[in-house]
Amino acid sequence: MWRTELTAPQARGIMSSGDIPPEIRGISGRVAVILTQSWCPQWRAMDAYLERMQAEQSPETADLTVFYLCYDLLPFSDEFMSFKESRFANDQIPFALYYRGGQLKETSNYVSESGFLGLF
């Protein structure tokens with residue numbers, strides 16, 4: 001499993017294209033993109049289990065890549081939040097999009113560790 005934070009230029013690219021670009025959603029067999037705010041307790045819980053999953057490197061997570069964006073830390077946070085809430089029709093955080101083979105399979109808000117893996 002690979003876990004990385006999206007950059008401000010990548011966030012701008014998502015906003016300008018109106019979607020998660022193919023080079024992100026198709027980087028591995030299973031990709032999760034989590035859009036959240038840094039202070040959110042549910043995000044912190046998810047981040048903790050994602051960090052643990054990355055450290056363990058089990059066969060269950062071998063083809064999994066997780067991108068996350070704490071958009072409240074962006075200089076254009078209000079603009080990104082508006083984009084996220086209107087584009088994905090979800091005003092809750094964390095908000096996760098699950099891709100398999102580059103295709104959107106599911107979306108969710110907070111889920112447990114076992115629930116997270118089950119959404120692919």
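Helices here are DSSP runs of H or I with at least four residues, strands are E runs of at least two, and both are numbered from the N terminus. I keep to that naming throughout.

**Ground rules.** I'm working on a predicted model, where local features need pLDDT of at least 70, side-chain atom pairs count only at pLDDT 80 or more, and totals for chains, interfaces and linings use all residues. Residue numbers start from 1 along each chain as its sequence is written, and side-chain values use heavy atoms, with hydrogens and water left out.

**Loop between H4 and E4.** I began with alanine 89, which lies in the loop between H4 and E4. Its phi is near 50°, a positive value in a residue other than glycine. Alanine 89 is exposed, with a relative accessible area of 69%; for the record, exposed is over 50%, buried is under 20%, and partly exposed is in between (1.4 Å probe, protein chains only). Proline 94 is in the loop between H4 and E4 too, and the peptide bond leading into it from isoleucine 93 is cis, with omega near -10°. I noted both because most residues other than glycine have a negative phi, and most peptide bonds are trans.

**Helix H3.** Next I checked the length of H3 (residues 41-56). Its 16 residues should span 22 Å at 1.5 Å a residue, and the end C-alpha atoms sit 23 Å apart, which agrees. The expected span is 1.5 Å times one less than the number of residues. Which residues of H3 are buried? I get Trp43, Met46, Asp47, Tyr49, Leu50 and Met53. They pack against strand E1 (2-5), strand E2 (30-36), strand E3 (64-70) and helix H5 (113-118). Contact here means heavy atoms within 4.5 Å. Just after H3 comes glutamine 57, with a positive phi of about 45°. Glutamine 57 lies in the loop between H3 and E3 and counts as partly exposed at 44% relative accessibility.

**The core.** I then looked up the largest nonpolar core, meaning a set of buried Ala, Val, Leu, Ile, Met, Phe, Trp, Tyr and Cys residues joined through side-chain atoms within 4.5 Å. This one has 40 residues, and those touching the most other members are Val33, Ile34, Leu35, Leu50, Phe80 and Phe116. Two or more residues each come from helix H1 (8-17), E2, H3, E3, helix H4 (77-87), strand E4 (95-100) and H5. E3 gives the largest share, 6 residues.

I followed leucine 35 a bit further. Beyond four places in sequence, leucine 35 is in contact with Leu69, Tyr71, Phe80, Lys84, Phe88, Ile93, Pro94, Phe95 and Leu97. Its bridge partner in E4 is phenylalanine 95.

**The sheet.** How are the 5 strands ordered? The sheet is open and runs E1-E3-E2-E4-E5, with mixed pairing. Two strands pair if DSSP finds at least two bridges between them. E1 and strand E5 (103-108) are the edges; each has a single partner strand, so one side of each lacks a neighbour in the sheet. E2 and E4 pair in the antiparallel sense over 6 bridges.

On E5 I picked leucine 104. Leucine 104 is partly exposed, at 46% relative accessible area. Leaving out residues up to four places away in sequence, leucine 104 touches Leu97, Tyr98 and Tyr99. Its C-alpha atom is 9.7 Å from that of isoleucine 20, though the two are 84 residues apart along the chain.

**Salt bridges.** My search of the whole structure found 5 salt bridges, counting a side-chain nitrogen of Lys or Arg within 4 Å of a carboxyl oxygen of Asp or Glu. I wrote up three pairs.

- Arginine 12 meets glutamate 79 at 3.3 Å, N to O. This pair links helix H1 with helix H4, 67 residues apart. Arginine 12 is partly exposed at 40%, as is glutamate 79 at 43%.
- Arginine 87 pairs with aspartate 19, the closest N and O atoms being 3.4 Å apart. Arginine 87 is in helix H4, while aspartate 19 is in the loop between H1 and helix H2 (22-25), 68 residues apart.
- Glutamate 113 and arginine 52 have their closest N and O atoms 2.7 Å apart. Glutamate 113 lies in helix H5 and arginine 52 in helix H3, so the pair ties together parts 61 residues apart in sequence.
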